[in-house]
Structures are given as C-alpha cells and as structure tokens.
Amino acid sequence: LLQFLRNSSSNSSSSSKGRVPPGSLGVPVIGDSLNFVKALKRNDPWRFYGEKRAKYGPVFKMSLLGSPVVILPAPAGHKLLFGSEEKLMVNSWPVGFKRLLGPGSLTSLTGEDFKRMKKVFMSFLKPEALQRYVPRVSQLSLKHLEDHWEAYAGEEFAIYPAVKSFIFSVACSSFMSLETEEEQLELEEPFAIWTKGLLQLPVNIPGTLFHKALKRREVIHDLLGRLISKRRQEFLQGRASESSDMLSVMLSYRNEDGKPACTDAEIKDNLLLLLFAAHDTSSSTLTLSLKFLAENPYWRNQVLQENLAISQEKSGQDGYSLEWDDLRGMKVSWRVLQETLRLQPPALSGYREVIQDFEFGDYLIPKGWKACWTVVSHRLPEFFPDPEKFDPSRFEGDGPTPYTYVPFGGGPRMCPGNEYAKMVMLVLLHHLVLRFDWQLADPDEGVTMDPMPMPQNGLNVKLHKRT
Ligand code: HEM
C-alpha cells in the first residue's frame, strides 16, 4: 500500500525531466485490472488504451495486477524495450504463471541459463530444423480433416474446438511423439485444468483453481517423467533419433563442455511451456483467419487460387504431403495470417521489470516498476491506414514501419515459436481451403478475449465439401 501511495503521489501529468509518466493508478491493488478484463471481454483493449492515450499522451502509467506499469509507445519505446533486456529490464511474468510454469521454464530463466536454454529451443525451432517436420504436420492435417471435419460436410460445424484439438495433437506429436488419441487424452485433461489456473489469484488452498492447477502440474510432470525414461531406453536400444522431436533434442543437446544441457526438471518445465505457448495462440489466429476469410470472399478466393496452384504442382493427387519449399508459395495465405495477427493478436503486451532507473523522453521510469510493449500500434492510423479494415495487402513490399507490428514481441525475448506457428497454420490452411468452403452460421458472432481472442460461440459455420 505504501508503494502504491508513493507512486500515486507522483500522479502528475507534468512532463518536466525526472517526473514519472502521467496516468492514474486507480484503486489500491485492484488498479485498472477489472476495467482491463472488461475491455478484454468486449474485445476492445484498443479503446481502453486509446482513452488513456487521449488523456495522458503516448507514454502513460496504469496499474495492473498490483503493480504500476508504464506503457512504452511504438516505435521508439518498443525499440528501447526490446534492446534493453537484462540491461534496464528483465522479463517479468505474474507470480501465478511463474509457479505453474516452474523455475526451469525458459520464461523464468535469465542470464547464462536463459542463453543456454534458448539455444536448445532454437535447435528444434529454427527454420532449418523445422523443415523435416512439414510432411508429418501435413499428414496430421489430412487425418484431422478426415476424422473431424468430413462428417459435418453440409451441416453446421464449430471451427474453434476442432482447430484447438488439431493444434494440441500436432504439439503432442512434434514435441514428444505422442501420436495416439489415447496418449494425448491422458495429457489433455490435466493440461486443460492447469491452463485454467494461470489466470487465477495465486492462492494455494485446497478448493481453489490455482491449487487444482498446481496438482495437475504434478500429474503432467509424472507423465513427462515416464516419457523421458522411455525415450532414454529407446536411445540405448538405437530406436530413437536425436532429432525426432523436441524431447529428443532436449535430452541429447550438449553444452560446449560435453555435459547434457538440460536437467530432467528443466525438460519437464519446458515441454509444458511449449504446450502452453503453442496451443491457444495458434488456435486463436488460425480460427480468426477463417472468420476473416468467410467475411472477405475476395481474400478467400485469393487464398484458394494460391493453394490450388501449389496442389497442381504436386500433380493434384489427393493425400500428398507438403514440403518446406511449398510454403514459400503461400505468400497470400501468410499475409492473411499476418493481418489476422495485426487485428486480433493473441498476446496484447509483454511485461518487463525495470531493474535500473532510466529516462524515456521527458520521463523517469523508476526501478521496481513494470514497463511493457503493447499492440496498441496495430490499430493506429499513422502506422496502418484505415486500421479497422481487413487488408492483407498491407504486408506486400516492405511491410509496416519497424517496431510497430509486434504480434510475436521483439528482442531476445521474441517468441521463439514464430516459424513453427507459421508452418503449422499454413499447412492446415492449405489442406482445409482445398477441401472445404464455409459460411458463417451467425454473421454477427463477436469475438471475446479470455485472455486470447476467440469467437464468442466457437465460430459455427455451414461447411461445404469442395468437389
Ligand atoms: C500465433 C502464434 C503465436 C504468437 C502470436 C506468439 C506470441 C508470443 C509473444 C508475444 C511472446 C512474448 C514475447 C515477449 O514477452 O516479448 C511469446 C513468447 C513465447 N512463445 Fe510464442 N507465440 C505464438 C506461438 C508460439 C509457438 C507455436 C511456440 C512454440 C512452438 C511458442 C513459444 C513461445 C515461448 C517458449 C515463449 C517465451 C519466450 C521467452 O520467454 O524468452 N509461441 N510468444
């Protein structure tokens, strides 16, 4: 409370050197948190931020989750934040997230430990390594469409749950080679409850969702522990390759001194992190791109034509697997996904804890506060003319002004899974658009954020099989 009162007393909108940015910290502890959640529910964080910008200017403070937070504007504020990791600021996640993700998670690591773990991640997630997984994801997409979509041709069908289950099953397959539905289900139930705990107050008392989520974390760790032992056996018997999936990469990656780069506890924490980071983000973007395509027949046709051309190059035979090089031909499809990420980014901002006082423009940003980048710039007309319009052609040519388009963040903490997400989304979109056409069952269905954007009712469509 004392901290809050100290921060509130510097609540001035004066812009003389050494003053903290203007803004209001609201009611103690609660601050702006409730208003922000309300804005998310009505899919309008832009108005929430916009009102504050209009009142205080582009650099302002607010209070979220009990902390004063300074919003740094694009492009200069983003450039500073992305370039200051571990110099002026460090990555900062809410306490509940940290406990559920665990101390070995990439998000919790800093300094040399962060660099070591990032190398392990990138040896699986860099484009050169991802190439080999494209045919596998292509076959999984075909099977998913056959098993979960075909039966609904001519009927109403909810897209969001289907896409979510697809993304989960691709993650299970490519991160740890869990291929059967039975194996995936064993992980899916505890994972779903674990995810629900992330946005709860971190109160570990029996009966709370947070407590349940912590318990499920133990269940998931047990399961991952068994997978690790099994994979070690397979290595000994020469039945597993070092690059077959993320689990193999984590087990076999060595530091320069020849010692294993990851402990078992770190492997478990990071497989869980990957499942979480890959799941709702890609499901949200892929689903909402299908909504935008249903609303914009011109772009739907462009995407169809582009993918038809690729299919014809592959001799048009049904059941073919896409290869990495085929993805290069999906320029329009990628622009559609980029535009979806502009209008409905799954992550609205990234928080850093300020570890050293610094100045930004006329303001002092004090040590101990939080600073964050946001996607506010995605809907500013100075960077994106006619910002509310769905227009993938914005991404032709040089694309947006640097540091204004940030769906994956930036700097050393930029999303390491961006190429993986692009690959998985493009592959499913390719097979989907060639097999099905879809119309919105309810053209007025809105979008809500919980906290990631999703259609309010699962995106019900009338599904048609293409002949
Ligand atoms: C549309 C899909 C995705 C979007 C929009 C997205 C966006 C983001 C954003 C904004 C961050 C935080 C960056 C920051 O704090 O500055 C992040 C972090 C992260 N993402 Fe993604 N992500 C997506 C998919 C994925 C996938 C598929 C994976 C894994 C394969 C992944 C793995 C991670 C990890 C491990 C981090 C933490 C990085 C760190 O702390 O250094 N993401 N992502």
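**View 1. L271 and its surroundings in the main nonpolar core of the predicted model.** In this predicted model, L271 touches F175, M176, L224, M246 and L247, leaving aside residues up to four places away in sequence. L271 belongs to the largest nonpolar core, a set of 76 residues in which L271 and V424 are the members with the most contacts inside it. A second core, separate from that one, has 29 residues, among them F82, M89, V354 and Y363. In soluble globular proteins, nonpolar side chains tend to be buried together.

**View 2. The shell of residues around the ligand.** The ligand is surrounded by 25 residues, of which A277, G350, G409, C415 and G417 are the closest. Two elements, α13 (264-295) and α17 (418-435), each give two or more residues to this shell, and the largest share, seven residues, comes from α13. When the residues of the shell are sorted by character, 16 are nonpolar, eight are polar and one is charged.

**View 3. Two cis peptide bonds that lead into prolines.** The peptide bond from A74 to P75 is cis, with omega near -10°, and P75 itself is placed in the loop that runs between β2 (67-71) and α4 (76-82). The peptide bond from D450 to P451 is also cis, here with omega near -5°, and P451 is found in the loop between β10 (447-449) and β11 (453-455).

**View 4. Two residues with positive phi, Y403 and L459****.** Although Y403 is not a glycine, its phi is positive, at about 70°, and the residue lies in the loop between β8 (370-374) and α17. Y403 counts as buried because it has 20 C-beta neighbours inside 10 Å, and 20 or more are needed for a residue to be called buried. L459, likewise not a glycine, has a positive phi of about 60°, and its place is in the loop between β11 and β12 (460-465). With 25 C-beta neighbours inside 10 Å, L459 therefore counts as buried.

**View 5. Confidence along the chain, and the stretch at residues 1-16****.** The mean pLDDT of the protein chain is 93, and 96% of its residues reach 70 or more. Over residues 1-16, however, the pLDDT is below 50, and this stretch has 17 contacts in the model beyond near neighbours in sequence. Where pLDDT is low, the predicted coordinates should not be read in detail. For the complex, the predictor gives an ipTM of 0.99 together with a pTM of 0.94.

Technical notes. Residues are numbered from 1 along each chain as its sequence is written. This is a predicted model: local features need pLDDT of at least 70, side-chain atom pairs count only at pLDDT 80 or more; totals for chains, interfaces and linings use all residues. A residue is near a molecule or strand if its C-beta atom, placed from the backbone, lies within 6 Å of it. Helices (H or I, at least four residues) and strands (E, at least two) are DSSP runs, numbered from the N terminus. Ala, Val, Leu, Ile, Met, Phe, Trp, Tyr, Cys and Pro count as nonpolar, Asp, Glu, Lys and Arg as charged, and the others, Gly among them, as polar. pLDDT is the predictor's confidence in each residue, from 0 to 100. Two residues are in contact if their C-beta atoms, placed from the backbone, lie within 7 Å. A nonpolar core is a set of buried Ala, Val, Leu, Ile, Met, Phe, Trp, Tyr and Cys residues joined through C-beta atoms within 7 Å. A residue is buried if 20 or more other C-beta atoms lie within 10 Å of its own, exposed if 12 or fewer, and partly exposed in between; C-beta atoms are placed from the backbone.
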